[in-house]
Amino acid sequence: KKFDNAEPMFYNVSDPYFVLKTVGSEEVYRSETLRNNLNPTWSAGEVKLMALCGGDLDKTFSVTTFDKNSKRADDEMGSFETTVNEMIVGSQGSGIDYTLTIKGKGKSKGDVYVRVANISGYQAPSITAAKNMAAVGAAKICELEVDRKDEAAKAAAQVVAEAEAAIIEARAAAEVASSAFDEAKAAADTAAATVDAL
């Protein structure tokens, strides 16, 4: 309600719609666009909890309103952050009111009033289930660390094996060189003896 007009010309009026985004800025829902309306009332929509907040009802997500444009990029009209639980609790009374602002510009750009928010077909995990999920996650991390250590051990063993092979090759080369030296020395001794005989 009472949105600021995002249109640059005074005789035009914004065509607002809103999107829901996760903490990672992934868009998971987009409303319909209401033409020429600074006090829009959007139809109710459905959003999958796993997509919006991973099933965590206290995980923050953002609601951002835009002015739909046909010949240029859509203009942001303002946003706010909330959680599923906050919306549900707020809507159980007379509703919950959020102020639209643009980051870096603290001035209010209007208000969004949430009248209805509820969950269907959702059951919060029990404490035991949550602990089991955490244990599975920890086990996977441990398994990953073990795998990494195994890989490091294999790599170290490979280095050792290559070094041992290099040492064996070096010893063989030294033996060949020693044999060649002995042969050369024997040939030199034979040549010296022949000279003496002459």
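**Packing and polar links in a predicted chain**

Visitor: Is arginine 35 buried or exposed?

Guide: The relative accessible area of arginine 35 is 61%, and the scale calls a residue buried under 20%, exposed over 50% and partly exposed in between (1.4 Å probe, protein chains only). The model is predicted, so local features need pLDDT of at least 70 and side-chain atom pairs count only at pLDDT 80 or more, whereas totals for chains, interfaces and linings use all residues. Residues are numbered from 1 along each chain as its sequence is written, and side-chain values use heavy atoms, with hydrogens and water left out. At 61%, arginine 35 is therefore exposed.

Visitor: Which residue does arginine 35 meet in a salt bridge?

Guide: A salt bridge requires a side-chain nitrogen of Lys or Arg within 4 Å of a carboxyl oxygen of Asp or Glu. The partner of arginine 35 lies 20 residues away in sequence, in the segment before β1, while arginine 35 itself is in the loop between β2 and α1. That partner is buried, with a relative accessible area of 8%. At 3.8 Å from N to O, the bridge joins arginine 35 to aspartate 15.

Visitor: In what order do the helices and strands of the chain run?

Guide: Helices (H or I, at least four residues) and strands (E, at least two) are DSSP runs, numbered from the N terminus. The chain has three helices and six strands. From the N terminus, their order is β-β-α-β-β-α-β-β-α.

Visitor: How are the rings of tyrosine 17 and phenylalanine 66 arranged, and which name does the pair receive?

Guide: Rings of Phe, Tyr and Trp (its six-membered ring) pair if their centres lie within 6.5 Å; planes under 30 degrees apart count as stacked, over 60 as edge-to-face and the rest as tilted. Tyrosine 17, in strand β1, and phenylalanine 66, in strand β3, are 49 residues apart. Both are buried, tyrosine 17 at 3% and phenylalanine 66 at 15%. Because the centres are 5.6 Å apart and the planes are at 20°, the pair is stacked.

Visitor: Which residues form a cluster through ring pairs?

Guide: One pair joins phenylalanine 18 and tryptophan 42, edge-to-face, at 4.9 Å centre to centre and 75° between the planes. Phenylalanine 18 lies in strand β1 and tryptophan 42 in the loop between β2 and α1, so the pair ties together parts that are 24 residues apart. Ring pairs make a cluster of Phe18, Tyr29 and Trp42.

Visitor: Which residues of the largest nonpolar core touch the most other members?

Guide: A nonpolar core is a set of buried Ala, Val, Leu, Ile, Met, Phe, Trp, Tyr and Cys residues joined through side-chain atoms within 4.5 Å. In soluble globular proteins, nonpolar side chains tend to be buried together. Here the largest core has 21 residues, and the members that touch the most others are Leu20, Phe61, Val63, Phe80, Val84 and Met87.

Visitor: Which residue does the side chain of asparagine 69 join through a polar contact of 3.1 Å?

Guide: Asparagine 69 is found in the loop between β3 and β4 and is buried at 9%. A polar contact is a pair of N or O atoms within 3.5 Å; within protein, one must be able to donate a hydrogen and the other to accept it, and residues adjacent in sequence count only if both atoms are side-chain atoms. A polar side-chain atom of asparagine 69 lies 2.9 Å from the backbone oxygen of alanine 73. The contact of 3.1 Å between side chains joins asparagine 69 to aspartate 75.
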